[in-house]
Amino acid sequence: MESTQRANFGSRLGIILATAGSAVGLGNVWRFPYMAGQNGGAVFILIYVGCVLLLGIPCMVSEFIIGRRAQANTARAYSKLSNGTAWKWVGYLGILTGFIIMGYYAVVSGWCLEYIYASLMGHLQGDTDYVQDYFERFSTNPWKPIVWMLLFFGITHWVIVRGVEKGIEKAAKLLMPTLFILLLIIVVAACSLPGADKGVKYLLHPDFSKVTSDVFLGALGQSFYSLSIAMGCLCTYASYFGPKTDLTRCAMQISLIDCLVAILAGLMIFPAAFSVGVNPGSGPSLVFITLPNVFNQAFSAVPWLGTLIAFLFYALLSLAALTSLMSLHEASTAFLHEEMKVTRYRGAAVVSAIGAVIGVVSSLSLGGYDALQLFDMSLFDVFDFVTGQIFLPIGGFFTCLFVGWYLPKRIIHDELTNGGTLRSRIFRPFLFSVRYVCPLCILLIFLHQLGII
Ligand code: PHE
């Protein structure tokens, strides 16, 4: 009964694009390239791909199994499959993690909108100090980032209330190909700059001497964040997958898209930065300070081209952020809709409203109100730290244990083979991975991130 009433994605392409949309986000653009450049280039990329294949995909498939089997939002899914035992808290944790991330993610997404506007208006043109000052003044302004953040929430809300198929799927089918085209245009423009080959070489040059255990753990953490694992999103989306969806194949295709976008982002950033002699960093300063400078200098002979590339870049970033934010929003909306028995429309309104409050607090903590600090960190950083470094590993760890040790093997086999209609070659390696390899590795990242090992 329940499964026939439940919303569903309408097509396989829709499933892939919507879920890849969740995975492809700011993490691909502002963290992956930097980590690859710093940690051995091509070697890091290989390690990263290894982490995705051996650990990321099994974790993703685990969430898919839970979501599709239960046909319910993340909290109910764990509860349903465990008959209401304590495992349900893993589901609640996923929703909470996604919800908090949504608040601060929307702030940065709003910055991207401001930079679309600023690049079009030519406000980003100036020398290095000017560009830095522009970002500092903007991000610490009490109300401007909030207005953009609210606008971004408004757009996300608009997509979400239209529903799974007409909202999320339709938007993903439009936005993801656009994102890919923008990415290719910028990669070509960046790689054709004089001296760009040095950037490509830096990114792809295999440097084995840089490989340490830190690099492995860094790659692992990044792969989990980038694949949107343990945030309630994958599980929620999987509850909209149809019975014929091949979960393993989907996870592989989504991960492939995510890796490809991350590598292409590197091929966009490094060649451009190296052509003007800048060594790019990561995070907000890369995207909002270094890159505007790079665009200004690299295209100084043809300023309109610099403006155009900057505009395309921030448009790309906004699209990547929007499709990720949609998945974060949906995880909480589905939860309220199904658990609190409110209409989807009302559920989405509550999520947007409370999410916007978290966004306002995070934004103000960056400068408007210094009192919004905890442990000497702005609340913005606290939210990022707590979700990415603490909740994510805990959620991922218990999800693996849940699927590997708690769920009956019959259910896993059934989900992996769609009731026996697909071949079951991966059943054993999958089980081995979620039982032993994934939990152990996640535990290692967790302890490493906390500085314990
Ligand atoms: N995967 C996204 C990124 O790479 C971040 C994200 C995490 C989005 C969790 C949704 C859920 O930026």
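In the residue classes used for these views, Ala, Val, Leu, Ile, Met, Phe, Trp, Tyr, Cys and Pro count as nonpolar, Asp, Glu, Lys and Arg as charged, and the others, with Gly among them, as polar. The structure shown is a predicted model.

**View 1. The second largest pocket is lined by 19 residues.** This pocket has a volume of about 480 Å³, and the lining residues closest to its centre are Thr248, Met252, Ile426, Pro429 and Phe430. By class the lining holds 13 nonpolar, 2 polar and 4 charged residues. The helices α5 (42-70), α14 (247-275) and α20 each contribute at least two residues to the lining of the second largest pocket.

**View 2. The largest pocket holds about 710 Å³ of space.** Its lining is made up of 30 residues, and those nearest the centre are Trp30, Arg31, Gln222, Asp384 and Gln389. Two or more lining residues come from each of α3, α7 (88-121), α12, α15 (283-298), α18 (379-406) and α20 (427-449). When these lining residues are sorted by class, 16 are nonpolar, 10 are polar and 4 are charged.

**View 3. The largest cavity is where the ligand sits.** This cavity has a volume of about 150 Å³, and 17 residues line it, with Ser22, Tyr105, Tyr225, Ser228 and Ser324 lying nearest its centre. The helices α2, α3, α7, α12 and α16 each supply at least two residues of this lining. The lining of the largest cavity has 9 nonpolar and 8 polar residues, and no charged residues are found in it.

**View 4. The ligand is surrounded by a shell of 15 residues.** Among these residues, Ala23, Gly27, Tyr105, Tyr225 and Ser226 come nearest to the ligand. At least two residues of the shell are supplied by each of α2 (12-23), α3 (26-30), α12 (213-226) and α16 (303-339). The shell around the ligand comprises 7 nonpolar and 8 polar residues, and it has no charged residues.

**View 5. Polar atoms of the ligand face both backbone and side-chain atoms of the protein.** A nitrogen atom of the ligand is 3.4 Å from a polar backbone atom of serine 22, while an oxygen atom of the ligand is 3.1 Å from a polar backbone atom of leucine 26. In the side chain of tyrosine 105, an N or O atom is 2.8 Å from an oxygen atom of the ligand. Of the 320 Å² of accessible area that the ligand has on its own, the protein covers 100%.

**View 6. The second largest cavity contains about 80 Å³ of space.** The residues that line it are Ala118, Ser119, Gly122, His123, Leu124, Gln125, Pro292, Phe295, Asn296, Gly306, Thr307 and Ala310. Two or more of the lining residues are given by each of α7, α15 and α16. By class, this lining has 5 nonpolar and 7 polar residues, and no charged residues occur in it. The count of cavities of 30 Å³ or more in the model comes to 3.

Terms used: Residues are numbered from 1 along each chain as its sequence is written. This is a predicted model: local features need pLDDT of at least 70, side-chain atom pairs count only at pLDDT 80 or more; totals for chains, interfaces and linings use all residues. Side-chain values use heavy atoms; hydrogens and water are left out. A residue is near a molecule or strand if one of its heavy atoms lies within 4 Å of it. A polar contact is a pair of N or O atoms within 3.5 Å; within protein, one must be able to donate a hydrogen and the other to accept it, and residues adjacent in sequence count only if both atoms are side-chain atoms. Accessible areas come from the Shrake-Rupley method with a 1.4 Å probe; for residues, only the protein chains shown count as cover. On a 1 Å grid over the protein atoms alone, a cavity is a set of points where a 1.4 Å probe fits but cannot get out, and a pocket is an open set with protein on both sides within 12 Å along at least five of seven lines; lining residues have an atom within 4 Å of a point. A molecule sits in a cavity or pocket if more than half of its atoms lie within 2 Å of its grid points. Helices (H or I, at least four residues) and strands (E, at least two) are DSSP runs, numbered from the N terminus. Grid points are joined across faces, edges and corners, and a volume is the space filled by probe spheres set on the points.
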